[in-house]
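The following note sets out comments on the structure shown below. The points are numbered for ease of reference in any reply.

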Amino acid sequence: MHLVTIQDKIYEVNGIKVMLDYDLAELYEVETRVLNQAIKRNTNSFLEDFMFRLTKEEWEEMTASSMFTLMPSQTVIASKRNKSAPPYAFTEHGVTMLASVLRSPKARKMNIAIVRAFVALRRTLLNIENLQTQIKDLESKYDSQFEDIFEAIQCLMTENKEIATQSERYKIGYNK
């Protein structure tokens with residue numbers, strides 16, 4: 001699966017980048033309930049900072065958000081979910097831990113692709129932050145220079161008005 005497709009399945013909840021159980025199940029080509037059963041059999045491997053269940057409020061907010069639009073295949077998967085229970089959210093570490101729980105070759109390959117997607121996303125965010133810093137530096141550097149240029153232009157415009165005013169006056173004195 002392509003990195004961009006995987007990155008589209010990474011969401012932010014309370015400032016944390018996560019993937020949802022049914023998206024992971026789709027990527028690993030297993031049913032969501034099978035994925036969740038494997039996790040329940042290994043609960044000691046999934047600490048709070050690896051995996052958590054979304055609250056109903058978080059889930060409703062995500063589904064109402066314009067950022068979170070279900071694709072047709074996701075709609076089918078989401079419709080198969082137990083409506084009373086919001087999905088589990090897995091951090092990057094939780095996704096990595098899934099590889100030890102789901103031992104199929106497909107799960108291992110997909111896990112590598114997912115970790116690469118998280119890394120690429122992190123790099124992109126760092127690049128954006130660096131660009132923002134550089135833009136701010138340039139703005140502060142050149143704002144003062146542009147201020148000087150605007151003052152010079154203003155001064156020239158004022159001098160031109162004075163010259164124009166002087167040329168309109170009646171000249172007295174010796175004329176050739």
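**Comments on the charged, aromatic and strand contacts**

1. Arg33 has a relative accessible area of 48% and is therefore partly exposed. Its side chain meets that of Glu31 in a salt bridge, with 3.1 Å from N to O. Glu31, at 47% relative accessibility, likewise counts as partly exposed. Elsewhere, salt bridges that share partners join Lys9, Asp23 and Glu26 into one network. It should be kept in mind throughout that the model is predicted.

2. How many salt bridges does a search of the whole structure find? The search returns 4. Within the network named above, Asp23 forms a salt bridge with Lys9, and the closest N and O atoms are 3.8 Å apart. Asp23 belongs to helix H2 (residues 21-28), while Lys9 sits in the loop between helix H1 (3-7) and strand S1 (10-13), so this pair ties together parts that are 14 residues apart in sequence. The cut-off for a salt bridge is 4 Å between the side-chain nitrogen and the carboxyl oxygen, and the pair of Asp23 and Lys9 is assigned at 3.8 Å. Are these two residues buried or exposed? Both Asp23 and Lys9 are buried.

3. A further salt bridge joins Lys17 and Glu12, whose closest N and O atoms are 2.7 Å apart. Lys17 counts as partly exposed because its relative accessibility is 28%, and the threshold for buried is under 20%. Glu12 is also partly exposed, its relative accessible area being 43%. In general, side chains of opposite charge can pair when their charged atoms come close.

4. Lys17 appears again in the surroundings of Glu92. Glu92 is part of helix H6 (residues 92-101). Leaving aside residues up to four places away in sequence, Glu92 touches Lys17, Val115, Phe118, Val119 and Arg122. Why does Glu92 count as buried? Its relative accessibility is 16%, and buried means under 20%.

5. The aromatic contacts deserve separate comment. The whole structure contains 2 aromatic pairs. Tyr22 and Trp59 form an edge-to-face pair, with 6.2 Å from centre to centre and 75° between the planes. This pair links distant parts of the chain, since Tyr22 is in helix H2 and Trp59 in helix H4 (residues 56-64), 37 residues apart. Tyr22 counts as buried at 0% relative accessibility. Trp59 counts as buried at 17%.

6. Phe46 and Phe90 also form an edge-to-face pair, at 6.2 Å from centre to centre and with 80° between the planes. Here too the pair links distant parts of the chain: Phe46 lies in the loop between helix H3 (32-40) and strand S3 (51-53), and Phe90 in strand S4 (residues 88-90), with their positions 44 residues apart in sequence. Phe46 and Phe90 are both buried. A contact between a charge and a ring may be added to this account: Arg53 lies over the face of Tyr88, at 3.9 Å from the ring centre.

7. Which strands pair with S2, and in what sense? S1 and S2 (residues 16-20) pair in the antiparallel sense over 4 bridges. Val13 stands opposite Ile16 of S2. The hairpin of S1 and S2 has 2 residues between the strands, and in it Asn14 takes a positive phi near 50°. S2 and S4 pair in the antiparallel sense as well, over 2 bridges. Leu20 stands opposite Ala89 in S4.

8. The overall description may be placed last. The secondary structure comes to 7 helices and 4 strands, and along the sequence the elements follow the pattern α-β-β-α-α-β-α-α-β-α-α. Of the 176 residues, 31% count as buried. Among contacts between residues at least 6 apart in sequence, 77% join residues at least 24 apart. The protein exposes about 12,500 Å², of which carbon and sulfur atoms supply 55%.

Conventions
Residues numbered from 1 in each chain as written. Predicted model: local features only at pLDDT ≥ 70, side-chain atom pairs only at ≥ 80, totals over all residues. Heavy atoms only, no water. Buried < 20%, exposed > 50% of the residue type's maximum accessible area, 1.4 Å probe, protein only. Contact = heavy atoms within 4.5 Å. Phe/Tyr/Trp six-rings, centres within 6.5 Å; stacked < 30°, edge-to-face > 60°. Lys NZ or Arg CZ within 6 Å of the ring centre and 35° of its normal. Pairing = 2+ DSSP bridges. Areas by Shrake-Rupley, 256 points an atom, 1.4 Å probe, with all protein chains shown as cover.
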